Each structure stands twice: as structure tokens, then as C-alpha cells.
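Thanks for making the time. I would like to walk through one structure this morning, starting with a sheet, going on to aromatic rings, and ending with a few single residues.

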Amino acid sequence: MTHLKTDPALAFCAIDFGTSNSVITVPSPTQPGVMQLVPLEQGLPTMPTAAFYLAEGPDLQNFPRMYGRAAVAAYVEGMEGRLLRSMKSVLGSSLMDQPTDIGAGRQVRFAEVIGTYLLHLKSAAEKQAGQPLRRVVMGRPVYFVDGDPVRDAQAEASLAEAAEAVGFEEIHFQFEPLAAAFHYEAQIDAERLVLVADIGGGTSDFSVVRVGPKQRQRLDRRDDVLANHGVHIAGTDFDRRIELASILRELGFGAMGPSIHGKPPREVPSRVYFDLATWHLINPLYRASHIHEVRTMKGDYANPKHHSRLLKVLTDQLGHDLIGRAERAKIEVAAGGNTQIDLGLIERGLTMELDGHHALDALRTDIDRITHAALETVAMAHLQPSQIDAIYFTGGSTGLKPLTEALAARFTAAQPVHGERLASVATGLGLFAQRLFGG
């Protein structure tokens, strides 16, 4: 888990290069032994793991690009170019060294995309630290590639090569679920078995880890990860479910069409609604050919308002805005009570109410599948739920109270512990870096 040893006097940092978001920490200049989060964008310590390569404007030969929230905004606004997200998922695959099209007749390798993103993070951290950074601890999943040790090793080696290419001379890796639990480990005085629940935007990942005062003195902790498992269900799926169950009903999703020639009415075509609730499928809906197709579907609607509202969303390109409103409604309902969703951008005075029971019904299937994955993870460690001492919650979607309550109900003997939802892994990697490099 270590690559390229060098001078111990060199400055260091820790990077959580995440699938959805990335975070970096550096030693505090005023508090010896303390690591601090680096402001990456708009003063925030987290930045979406995203790059947008512009395909219009001057200087295209130098591959102009934006990162993070600015990259996502450029895509949503319909700028010409290519948005690349979830770059981490390419590690260990044959795609790493293959070129991908970024528009205007240009191509770039995924290895270069990852490298330039890491350089962007490193530059921000060096500005904060006031000096070059040459040593790094990077997080890694327990398995980059399930069931394939060769590709898994290739994935780590590829990430190490990308880090070396941007100027890191000593590179160490630590398992992300262990890093997430390090803050908890620092507070306990006896060995504990912890179920780390890392529930983010795209996946819900579970790991059973062993932590304690004896373990934290060890640098090699791979034997303390007893099991790892997950499902591709998380925050973006929740937003999709909420939008389909609420906002898109006002646009005709699930509605019945008219009775034609005395035949029973049929449900209006639903594919456009599922695409409208899926982030990366929205922009193609704005093409003139697709809007023309939706216009011809007017006869499929018994309620003409549903059809006109759907057309308004497509012609005014409101799809990503609606997903944002669904996400905010989910957060507000999760905090307790009901919420009103303002849809005045579609039709003057249009609002709808979402209550907790309705939201929970929409999410129940996903929550059940996530809790089942947690139970499977514990079984893979040859343990019973009653043997788990604590559940450590991290990841942006652990703010959803019905989800964390459902998980806690399956592990009644475990203490629920809530870490920093978006920075627990980075904070833990920083603790490990301080232990490794700080002397």
C-alpha cells in the first residue's frame, strides 16, 4: 500500500478521491499535529469529482476545462463540451489508457483526466499549505474491482501513477472504511466491531472493521477489514423516487389517458418521465426532435395541463432544476414534517405538498434493499447482527433519517455513531497521514 519512498522532511497531505466528491486535508500551520480541510470551491471543503472539457471558444488546443461545481453548472447550462464524472470507476479497467471524445475533434485519455483533476486538488492544497506537497495518503475502496485481484492491483497502481505524475514522490494508500472509522477509534478504550455505512450519491457501501487502541498503532490495517459489500442504490436514486412520486405526477406521470373508441384508458407513456428523473439522461430530452415527438403525444393525455406542463419543462430546459427541487424536498421531509414544493417555474401558482409518509412509501423499496445489504455484509464476516458494537454513518445520504433509523433497527445492540457526512473519510486519512508522516 506504499509507493515511492523519499525524504521524510517533505510536506504532506491526504486526499479522499471520491466517486462523487473529493476532499483534501493538510497539516494546520497554527496547530501542530492537527490536519485541516482545504477549501476547494466557493469556500467549501468538498468538490464534485467532475471535469468539463469545453468544445467551444478560444484556445481549444490547450483543452480548456472546469472542475467541480463549475463543471456541473457548465453541463446543466448546455455549454458545448463533455462532462466527465465518476472517473474513479474507470480505475482498473481497460478504459484508463483509451482516448475518449471531448468534442471539437479532440480526445483525451482517462488517465490524463484523473491526473489533471488530482493536480487541481493538489494546487489548492499547496496554496493553503504555502509550500509544495510531495507526500500523500490516498483513500482507496476495499476493492476497486470485486473478485479480480489482478485488476484491483492495477487500479491502485494506476492511481499511484497519476499521483506521481502530478508531483507526489511518496504515495501511501489506506482503506476508506477504516479511514472513516479512525475518528471513532481515537475515542474508544477497547476493541470494537464496527459496521461502517458509507451511503453517498451513487452507492451504499458497508464494511465490518475491527478498531481499538491496539489496532490504531498499526500502519498496515488490511486484516482489520473483515467484510465489504454494497449496492448501487443511494442518494440519486432517492431523489429520482421522490421526483417520480411527487413533482412528475403534476406533469402526467402515472396518469391515465382518454378512452378511445370505448376502449379502457391506458396510462400515458412513461419513459420520458424516467429519463427526466435521471440526471445524465435529461439533456438529450431537449433536442428538437424529441420535443417534436412529445408534442405529437398530446392525444395520449386526458388532462391537457399535464401535456402542456411537460412541454414547458422540456422547452425551457427545467429538468435539472426539478431534480434539485426533489432533492431539497427529500432533505426537508427527512428533517421532519411536511414540505411544499414550489413549481411556479412551470405554471404560475403551481405547488404541491409532500409529507413524510408519502416520501417514505416512495423510498421503502430502496431502504429495504440497503438494509439487506448491511445484513449480508455482517454475515460475510461470519458475525451475527448482535455482535456489532457500533454503526458508523458517513456519506451525504446518511442525513436521511428514515434510512439511518431502518439500519439502526436491524442492529439493536450497536451504538449509532454519526461522522462528518462528507468529510469523515478525508478526516480519517488525515489522521493516518499525521501518524505516518508527522513524527
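Before the sheet, one definition: two strands are taken to pair if DSSP finds at least two bridges between them. Please also keep in mind that this is a predicted model.

With that, the sheet. It is an open sheet of 3 strands in the order 7-6-8, and the pairing is antiparallel. Strand 7, residues 65-67, and strand 8, residues 81-85, stand at the edges with a single partner strand each, so one side of each has no neighbour in the sheet. From one strand to the next the twist averages 15°.

Now the pairings in turn. Strand 6, which covers residues 50-54, pairs with strand 7 in the antiparallel sense over 3 bridges. Within that pairing, Phe 52 stands opposite Met 66 of strand 7, and Tyr 53 has Arg 65 in strand 7 as its bridge partner. On the other pairing, strand 6 and strand 8 run antiparallel and are joined by 5 bridges. There, Ala 51 has Leu 84 of strand 8 as its bridge partner.

How many of the residues of strand 6 are buried? The count is 5 of its 5 residues, so to speak of a mostly covered strand is fair, given that buried means under 20% relative accessible area. Both faces are covered: Ala 50, Phe 52 and Leu 54 are buried on one side, and Ala 51 and Tyr 53 are buried on the other. Helix 2, residues 110-129, lies across strand 6, strand 7 and strand 8, and it runs at about 60° to strand 7.

Next, the aromatic rings. A pair of aromatic rings is described by the distance of the centres and the angle of the planes. Rings of Phe, Tyr and Trp pair if their centres lie within 6.5 Å, and planes under 30 degrees apart count as stacked. By this rule the count is 7 aromatic pairs. I will show two of them.

The first slide on this has Tyr 75 and Trp 279. Their ring centres are 5.1 Å apart and their planes are at 25°, so this pair is stacked. Tyr 75 lies in helix 1, residues 68-76, while Trp 279 lies in the loop between helix 6 (271-276) and helix 7 (288-295), so the pair ties together parts that are 204 residues apart in sequence. Tyr 75 is buried, at a relative accessible area of 15%, and Trp 279 is partly exposed, at 22%.

The other pair is Phe 182 with Phe 432. Here the ring centres are 6.2 Å apart and the planes are at 25°, so this pair is stacked as well. Phe 182 is in helix 4 (residues 176-185) and Phe 432 is in helix 12 (residues 424-437), which puts them 250 residues apart and links distant parts of the chain. Both Phe 182 and Phe 432 are buried. What sits over the ring of Phe 182? It is the charged end of Arg 435, at 5.4 Å from the ring centre.

Elsewhere, Lys 122 lies over the face of Phe 168, at 5.3 Å from the ring centre. There is also a cluster, in which ring pairs link Phe 17, Tyr 67 and Tyr 117.

That leaves the single residues. Is Ser 246 buried or exposed? Ser 246 is buried, with a relative accessible area of 0%. Its place is in the loop between helix 5 (235-245) and helix 6. The side chain of Ser 246 reaches the backbone oxygen of Ile 242 at 2.5 Å. Leaving aside residues up to four places away in sequence, Ser 246 touches Ile 341, Met 352 and Leu 354.

His 261 lies in the loop between helix 5 and helix 6. Its relative accessibility is 78%, so His 261 counts as exposed. Its phi is near 55°, a positive value in a residue other than glycine.

Ser 86 also has a positive phi, about 50°, although it is not a glycine. Ser 86 lies in the loop between strand 8 and strand 9 (99-103), and at 30% relative accessibility it counts as partly exposed.

Last, Ala 153, which is found in helix 3, residues 149-165. Ala 153 is partly exposed, with a relative accessible area of 45%. Its C-alpha atom and that of Met 79 are separated by 37 Å, with the two positions 74 residues apart along the chain counted as their distance apart.

Technical notes. Residues are numbered from 1 along each chain as its sequence is written. This is a predicted model: local features need pLDDT of at least 70, side-chain atom pairs count only at pLDDT 80 or more; totals for chains, interfaces and linings use all residues. Side-chain values use heavy atoms; hydrogens and water are left out. Rings of Phe, Tyr and Trp (its six-membered ring) pair if their centres lie within 6.5 Å; planes under 30 degrees apart count as stacked, over 60 as edge-to-face and the rest as tilted. Helices (H or I, at least four residues) and strands (E, at least two) are DSSP runs, numbered from the N terminus. Buried means under 20% relative accessible area, exposed over 50%, partly exposed in between (1.4 Å probe, protein chains only). A charge sits over a ring if NZ of Lys or CZ of Arg is within 6 Å of the ring centre and within 35 degrees of the ring normal. Axes are lines fitted to C-alpha atoms, for helices over the stretch in contact, and angles run from 0 to 180 degrees between N-to-C directions. Contact means heavy atoms within 4.5 Å. A polar contact is a pair of N or O atoms within 3.5 Å; within protein, one must be able to donate a hydrogen and the other to accept it, and residues adjacent in sequence count only if both atoms are side-chain atoms.
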